[in-house]
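Please consider the structure shown below, with attention to its pocket, its buried polar side chains and its cysteines.

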Amino acid sequence: MNLFDIPEQLPEQELTDILLAGQTRIERIISHGQTSDWYDQTEDEWVCVLQGIGELTYADGSKQRLHAGDTAYLPAHCRHRVSYTSEPCIWLCVFRQEE
């Protein structure tokens, strides 16, 4: 798999599991301008924008804009949403379920 091999048009985000091992999941997400509803996940999540720009909005109203190479750590139950993505935006996400 090539992380940068992406379709030209996506009506919805494309989520691809890269690795499932025990309590850890690695996922590639490709966005083409899509945003999300609020997340309140039971997993810790580390994200890295590989290409493009993504913006996270947190429950307190603060925002974090991520450019290629930027990362964010979202502990379990950190309410957040994706409020902006460029076309395209490639995310690499590592999820870890608490034991």
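The paragraphs that follow take up these three topics in turn. The model is a predicted one.

The largest pocket encloses about 220 Å³ of space. Its lining consists of 17 residues, and those closest to its centre are Ile-29, Tyr-39, Glu-45, Val-82 and Cys-93. Four elements contribute two or more residues to this lining, namely strand 2 (24-31), strand 3 (43-51), strand 7 (80-85) and strand 8 (89-97). Strand 2 supplies the largest share, with four residues. In chemical character the lining comprises ten nonpolar, four polar and three charged residues.

Strand 2 also holds Glu-27. Is the residue Glu-27 buried or exposed? With a relative accessible area of 6%, Glu-27 falls under the 20% limit and is therefore buried. The side chain of Glu-27 forms a polar contact of 2.9 Å with the side chain of Arg-25. Beyond its neighbours within four places in sequence, Glu-27 is in contact with Leu-15, Thr-16, Asp-17 and Ile-18, and also with Trp-91, Leu-92, Cys-93 and Phe-95.

A second residue to examine is Gln-41, which is located in the loop between strand 2 and strand 3. Gln-41 has a relative accessible area of 15%, so this residue too is classed as buried, given the limit of 20%. Its side chain is joined to that of Glu-45 by a polar contact of 2.9 Å. Glu-45 has already appeared among the residues closest to the centre of the largest pocket. When neighbours within four places in sequence are set aside, the contacts of Gln-41 are Ala-76, His-77, His-80 and Phe-95. Phe-95 is thus in contact with Gln-41 and with Glu-27.

The cysteines remain to be considered. How many disulfides does the structure hold? The number is zero. In general terms, a disulfide is a covalent bond linking the sulfur atoms of two cysteines. The cut-off applied to such a pair of sulfur atoms is 2.5 Å. For Cys-89, the closest cysteine sulfur belongs to Cys-93 and lies 9.3 Å away, which is too far for a bond. Cys-89 is also buried, because its relative accessibility is 0%. For Cys-78, the closest cysteine sulfur is again in Cys-93, at 14 Å, so no bond can be assigned because the distance is too great. Cys-93 itself is one of the residues closest to the centre of the largest pocket, and it is in contact with Glu-27.

Terms used: Residues numbered from 1 in each chain as written. Predicted model: local features only at pLDDT ≥ 70, side-chain atom pairs only at ≥ 80, totals over all residues. Heavy atoms only, no water. 1 Å grid on protein atoms, 1.4 Å probe; cavity = no way out; pocket = protein on both sides within 12 Å on 5 of 7 lines; lining within 4 Å. Points joined across faces, edges and corners; volume = space filled by probe spheres on them. Nonpolar A, V, L, I, M, F, W, Y, C, P; charged D, E, K, R; others polar. Buried < 20%, exposed > 50% of the residue type's maximum accessible area, 1.4 Å probe, protein only. Polar contact = N/O pair within 3.5 Å; in protein donor to acceptor, adjacent residues only side chain to side chain. Contact = heavy atoms within 4.5 Å.
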